[in-house]
Amino acid sequence: MSNLRALLSPMTIKNLEIPNRAVLPPMGTGLCNRDGTVSDAQLAYMRRQAASGAGLLITEITAVHPDGVVVPAQIAAWDDRFIPGLKQLAEVMHLSGSKAAMQLHHAGRESHYLLKKGRAMGPSAAPSLIYGQAPREMTPEDIQEVILSFGTAAARARQAGFDAVEIHGAHGYLLTQFLSAISNHRTDYYGGSFANRARFVIDVLRSVRKHVGDDFPVLLRISAEEYIKGGYTVDDLLTILPDLVSAGMDVLHASVGTHGSPAGITSAPPEFDTGFNVWRAQKIKAAANIPVIAVGRFNDPRKADQVIARGEADFVAFGRQQLCDPDFLTKAKQGRYDDIRLCIACNQGCIEREMFEGKSIRCAINPETGQELVYPQAPAAVPRKVWIVGAGPAGLTAAYEAQRLGHDVSIFDQENAAGGNILYACKAPHKEIYLDWIEWLTRQVEQSGVSIRTGTQITEALIAEEKPERVILATGGEKIIPAISGIDLPHVVDAWQILDGRVAPGRSALVVGGGLIGMETACFLAARGCVVTLIEQMPSSPVPKFTSHGYSLHKYLREKASILRFGCSLKTIQPDSVTLIVNDQEEQQSGFDHVVLAVGMRPRNDLKAYLEESATPHTVVGDALKVRRIMEATEEGAKAAWEL
Ligand SMILES: Cc1cc2nc3c(=O)[nH]c(=O)nc-3n(C[C@H](O)[C@H](O)[C@H](O)COP(=O)(O)OP(=O)(O)OC[C@H]3O[C@@H](n4cnc5c(N)ncnc54)[C@H](O)[C@@H]3O)c2cc1C
Ligand SMILES: Cc1cc2nc3c(=O)[nH]c(=O)nc-3n(C[C@H](O)[C@H](O)[C@H](O)COP(=O)(O)O)c2cc1C
């Protein structure tokens, strides 16, 4: 059994007893109706999150003003007509005894939607750090209207049955824009020194306090540090803490960074350790003696327990960990730590899917999240005997879901271990946690009674002999070997041979291909002291820097002084040199111990033709359908199992 004494202890804020110190931080879902009302999908999502039993649940960003929305599908509280839906949301949030807070939000200039419509506003007409476009400068009347709208929205939250409100002062939205010298160039009462720039936040706090009364807890979420060149620091923030407290702040939720900060630090990638941001919360707590919520890559309740036990923070928020496994706290209470599906901080299904793909929330490794309304719970009406060919992310997820629904599952992999390409993907710096995930998934499948038959290649002959009732083809991709002169030379290897240690890195390498696999292999080599040159025929990097993972890879290679050449292709390989094509000109380069091929993959689905010919019901999933990412592999694997 668990000994999470500190994490599981209650704490009272004003008159509100919060049953434990775990917090579901606000997370936008993109699930609500386009008119800003709460949808069934959102209620189902929140019902599932509430089952976690976290002491305090905070809603996603709730718009206080129509000219402050990030996207049209954002819940709103700027009018009484939203109260009935908000009431339903609050009810669902209370189902497991948690307390519920509503997050009050205004996007300011950080709304692509409003920028496009010419309706975005900010303290000054300084361009958005994310979208490059400038908003209009707020007039004194705009400022007073928005301050009032925070207050009236807070009153509606109370009316709808919420126990508290949280003002969103973080991540580069309107309140941060006022705090920051980068976005606030005003010369009036709300601009100038840090203390002046903080006046907007203070006035919002006062307005909220006035509208909810003295007994109602008011949280302020703030980026404790802007984490951007020229941005404010924790020490700046410390100077205004007494004013925030006297304006009505009961709890400070100490986040970090803005959506324009480097490295995606707000929802930090794996190179940031769990709890990397606690020191900022601790500094604030020590200075102001108010309860603080620490947040930032927590996925282990034991670490959170220690943070609270040591007095570094009063609450710990688990964001993406909740999306990844809403039962993690229950499992921890039961001492079942090995059963917890740890968040790998890939951001693919959650924040980046929403921000860069404009889609609603998912989790790359938990197919239930964001799909609660369609996620099947009851056993299948007709149990099937299914063969799953391939035990990579797609096949293993299909097996997990199919056994859960009562199907008779056989899963095979031709390799000696399950995991598919994740066994290679986990080798790049900071990606060990991907292996933890695949080991978790393998363990869960095996513990459910399904034995994974590794070392077993499925062939047409086997299918013809055994005649499986259904087949899920999850055979992944196969590497492409370009037909160029010199490809068979002994120093020419592929990324997989380097990553699994079959070939030891030399002193120098030419990595051919700048996609994800090439970049990761380059990082792997650079981490081992190898001098790396990476070439890519596309004119720019196929791995975008705006994703947190892409940013990390580029940064890592830059720090290791690796050379990245775009618009550069490999023509031929000689024993002691290579011929490259750059700007239609040939160029010789020498001095590479290895030429490492990472020129991409194509789907490996040669069994498909036979399955069609033999009229065997089948579904092709993951990279076997089209070479992509973990998100698509798990999503298609799960769906194939649901539809058996
Ligand atoms: C180095 C590297 C880094 C990567 N990094 C990332 C990343 O950071 N993020 C991301 O989203 N994606 C990443 N990817 C891509 C990701 O790994 C794949 O998209 C994902 O593994 C696809 O899953 P899958 O199950 O469809 O296929 P695979 O993982 O390829 O699994 C297919 C399995 O099928 C087995 N198989 C094939 N044929 C047969 C047969 N006839 N009989 C039995 N078994 C068979 C194979 O042995 C294999 O184990 C990376 C890939 C590589 C190589
Ligand atoms: C999908 C997603 C949506 C988010 N939406 C919000 C939001 O609405 N308001 C907010 O203050 N923070 C938002 N965040 C940030 C999280 O609340 C949290 O601070 C961040 O993910 C770091 O915590 P974690 O490492 O535990 O995930 C969002 C994060 C994610 C992943």
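Of the 21 residues around ligand 2, the nearest are Pro26, Arg221, Arg297, Gly319 and Arg320. The model is predicted. A second site holds ligand 1, with 37 residues surrounding it. Ligand 1 lies between domain 2 and domain 3, because both give residues to its shell.

**Ligand 2: contacts and cover**

- Arg221 is among the nearest residues, and a side-chain N or O atom of Arg221 sits 2.7 Å from an oxygen atom of ligand 2.
- The side chain of Ser267 also takes part, with an N or O atom 2.9 Å from a ligand 2 oxygen.
- Ile61 uses its backbone instead: an N or O atom there is 3.2 Å from an oxygen atom of ligand 2.
- On its own, ligand 2 has 600 Å² of accessible area, and the protein covers 96% of that.
- The shell around ligand 2 is made of nine nonpolar, eight polar and four charged residues.

**Ligand 1: contacts and cover**

- The closest residues to ligand 1 are Gln348, Asp413, Asn421, Lys431 and Asp623.
- Two alanines offer polar backbone atoms to oxygen atoms of ligand 1: Ala394 at 2.9 Å and Ala474 at 3.4 Å.
- Glu520 places a polar side-chain atom 3.5 Å from a nitrogen atom of ligand 1.
- Of the 990 Å² of accessible area that ligand 1 has on its own, the protein covers 97%.
- By residue class, the shell around ligand 1 holds 16 nonpolar, 13 polar and eight charged residues.

**Ligand 1: what builds the shell**

- Domain 2 spans 385-479 + 603-642, and domain 3 spans 492-599.
- Several helices each supply at least two shell residues, among them helix 14 (393-404), helix 15 (422-425) and helix 18 (495-499).
- Helix 22 (630-642) and strand 14 (408-413) also supply at least two each.
- Helix 19 (516-527) is on that list too, and with three residues helix 19 gives the most to the shell.

**Strand pairing around strand 16**

- Strand 16 (residues 470-473) runs parallel to strand 13 (residues 385-389), and four bridges join the two.
- In that pair, Val386 stands opposite Arg470.
- Strand 16 also runs parallel to strand 27 (residues 618-620), through three bridges.
- Here Val471 of strand 16 faces its partner His618 in strand 27, standing opposite it.
- In a regular strand, side chains alternate between the two faces of the sheet.

Key:
Residues numbered from 1 in each chain as written. Chains lettered and ligands numbered in written order. Predicted model: local features only at pLDDT ≥ 70, side-chain atom pairs only at ≥ 80, totals over all residues. Heavy atoms only, no water. Near = heavy atom within 4 Å. Polar contact = N/O pair within 3.5 Å; in protein donor to acceptor, adjacent residues only side chain to side chain. Areas by Shrake-Rupley, 256 points an atom, 1.4 Å probe, with all protein chains shown as cover. Nonpolar A, V, L, I, M, F, W, Y, C, P; charged D, E, K, R; others polar. Pairing = 2+ DSSP bridges. Domains from an automatic or database assignment.
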